[in-house]
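Here is a small set of exercises to work through with the model open beside you. Try each task on your own before reading its solution.

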Amino acid sequence: MNISSVLVHALPWALPEVQAALSALAGVEVHAATEEGRLIVTIETDSLQGSSELFTLINQQPGVLSASMVYHQFEPDPDKEA
């Protein structure tokens, strides 16, 4: 299981649309947003490639100016350990 924390900077006037678009992506959760367009987002995926693909999708969303990965951790999935 890959867990990443991402700081997203969006156009302030596009913030509601950006939040909705990011929240609609499977494995992506928006935890906080400021009026200035900064969002704290987490990505949870089963693979490093999945994390990379979601990070790319976040960067490509209309209204997103930048996205910076600030933390990444790999953890074994407790449901798959036996």
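**Exercise 1: One residue and its core**

Take V41 in this predicted model and find the residues it touches, leaving out those up to four places away in sequence. Then place V41 in the nonpolar core.

*Solution.* Start with the contacts: V41 touches S4, S5, V6, V8, L22, V28, E29, V30, H31 and I58, once residues up to four places away in sequence are left out. Next, turn to the largest nonpolar core, which has 18 residues. V41 is among the members that touch the most others, together with V8, L22, V28, L39 and I58. Finally, see which elements give two or more residues to this core: they are β1 (2–10), α1 (15–23), β2 (28–33), β3 (38–45), α2 (48–60) and β4 (64–74).

**Exercise 2: The sheet**

Work out the order in which the four strands form the open sheet, and decide whether the pairing is parallel or antiparallel.

*Solution.* Trace the strands across the sheet: the order is β2-β3-β1-β4, and the pairing is antiparallel. Now look at the edges, where β2 and β4 each pair on one side only. Neighbouring strands are turned against each other by 20° on average, with direction ignored. For a closer look, choose the pair β2 and β3, which is joined in the antiparallel sense over five bridges. Here you can find E29 opposite T42 in β3.

**Exercise 3: The helices on the sheet**

Find which strands α1 lies across, and do likewise for the strands that α2 touches.

*Solution.* Begin with α1: this helix lies across β1, β2, β3 and β4, and runs at about 150° to β2. Then move to α2, which packs on the sheet and touches β1, β2, β3 and β4. The direction of α2 makes about 160° with that of β4.

**Exercise 4: The whole chain**

List the elements from the N terminus on, then judge how compact the chain is against the globule rule.

*Solution.* Count first: the chain has two helices and four strands. Read from the N terminus on, they run β-α-β-β-α-β. The radius of gyration is 13 Å, close to the 12 Å that the globule rule gives for 82 residues, so the chain is as compact as a globular protein of that length. Then check the burial: 34% of the 82 residues count as buried. Last, consider contacts with a separation of 6 or more: residues 24 or more positions apart account for 65% of them.

Key:
Residues are numbered from 1 along each chain as its sequence is written. This is a predicted model: local features need pLDDT of at least 70, side-chain atom pairs count only at pLDDT 80 or more; totals for chains, interfaces and linings use all residues. Side-chain values use heavy atoms; hydrogens and water are left out. A nonpolar core is a set of buried Ala, Val, Leu, Ile, Met, Phe, Trp, Tyr and Cys residues joined through side-chain atoms within 4.5 Å. Buried means under 20% relative accessible area, exposed over 50%, partly exposed in between (1.4 Å probe, protein chains only). Contact means heavy atoms within 4.5 Å. Two strands pair if DSSP finds at least two bridges between them. Axes are lines fitted to C-alpha atoms, for helices over the stretch in contact, and angles run from 0 to 180 degrees between N-to-C directions. The radius of gyration is taken over C-alpha atoms; the globule rule is 2.2 Å times the number of residues to the power 0.38.
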